[in-house]
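Student: I have a model open and would like to talk it through with you. Could you show it first, so that we can start from the strands?

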Amino acid sequence: MCASNYKKIRVYLCAALALGFLFGCARSAPDLPVTRANKSDAEILKLLHINEADLIMKCPELGSALLKVNEAIDDNELVIKGDRRKNQIVGYLGALFILPVIGAENNGEAKENLENLQVRKDQLYYLKSRKDCK
Amino acid sequence: MLKKSIIVFSLMFLVSGCATWSDSQVTKDGKTVEIASISEVEKKDPAKIILTEDDITDRKYTVIGDIEVTVNKTTIFNADPTPEMVDEALKERAAEIGADAIIFVRHGSVGVSFFSWGALEGKGRAIAFNN
């Protein structure tokens, strides 16, 4: 009796772990940019991978580029949020009945986009502060 | 069977009372900053902490450390943590280490983590203004 219960618990634990891997995993917050203290402008530009074309951008252009980045971030977050609802439902069903998790999304592409967009945002913020843009 | 179900549901409601829990860490140059070393006098009011996605360029400051917090929902039935909850957790942590502001604030995306059905991470750099 005890052995059979133990076996059941083990099956549930394994299934729960498998579900955890299959569902949309949480995306970590992007890494913080380099500390600017004690660094020259040239060093920061290099560390932030800012290219020549970015350097000639004027304040209004930087402002509109930042706006576009923020819009793209919102779009990608919406994709993840949309699938999160679906993943939650799959999660409830999976946890209750140990059904195969079909259709769970991990949104790998959206998450990668968000990482790249944050890098761009950090570049734009630095360029704005470098040019004293309001 | 009915008794068991009642117990399970009662436990679920009890646990659901705490909708979220959070964990955090503060590091500087890769080393953990010990909160115990901060005196009560140095600690700040979380409500007064400035939070920005950008840098602060009009005032000189000293970096205290990088804060990383994760807000987790307690059970699968609780609502997902929001960026606002993460910001509050960041502010609380910053206040504990005597910071005036958190710059470069950023969030992850809600999803399943090893410890929770819904986790959201946030990061920021805690700073203190030079007088």
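**Strand pairing and helix packing**

Tutor: Let us begin with one bridge: B:T62 stands opposite B:A128 in β6(B), where a strand is a DSSP run of E of at least two residues, and a helix a run of H or I of at least four, both numbered from the N terminus. Please keep in mind that this is a predicted model, in which local features need pLDDT of at least 70, side-chain atom pairs count only at pLDDT 80 or more, and totals for chains, interfaces and linings use all residues. Residues are numbered from 1 along each chain as its sequence is written, while chains are lettered from A and ligands numbered from 1 in the order in which they are written.

Student: In which sense do β4(B) and β6(B) pair, and over how many bridges?

Tutor: β4(B) and β6(B) pair in the antiparallel sense over 11 bridges; two strands are said to pair if DSSP finds at least two bridges between them.

Student: And what about β5(B) and β6(B)?

Tutor: That pairing is also antiparallel, with five bridges between β5(B) and β6(B), and B:R106 has B:K123 in β6(B) as its bridge partner.

Student: How many of the residues of β6(B) are buried?

Tutor: Nine of the 11 residues of β6(B) are buried, so to speak mostly covered, with buried meaning that 20 or more other C-beta atoms, placed from the backbone, lie within 10 Å of a residue's own, against 12 or fewer for exposed and partly exposed in between.

Student: Switching to the helix, which residues of α2(B) are buried?

Tutor: They are B:V86, B:A89, B:L90, B:K91, B:R93, B:A94 and B:A95, and these buried residues pack against β1 (20-28), β3 (50-51), β4 (61-73), β5 (101-107) and β6 (119-129) of chain B.

Student: Why does a span of 20 Å agree with helix α2 of chain B?

Tutor: Because 14 residues, 83-96, at 1.5 Å a residue should span 20 Å, and the end C-alpha atoms are 20 Å apart; the expected span is 1.5 Å times one less than the number of residues. After α2(B) comes B:G98, whose phi is positive, near 75 degrees.

Student: What secondary structure do chain A and chain B come to?

Tutor: Chain A comes to five helices and zero strands, whereas chain B comes to two helices and six strands, in the order α-β-β-β-β-α-β-β along the sequence.

Student: What pLDDT does chain B average?

Tutor: Chain B averages 84, and 83% of the residues score at least 70, on the predictor's per-residue confidence scale from 0 to 100.

Definitions and conventions. Two residues are in contact if their C-beta atoms, placed from the backbone, lie within 7 Å.
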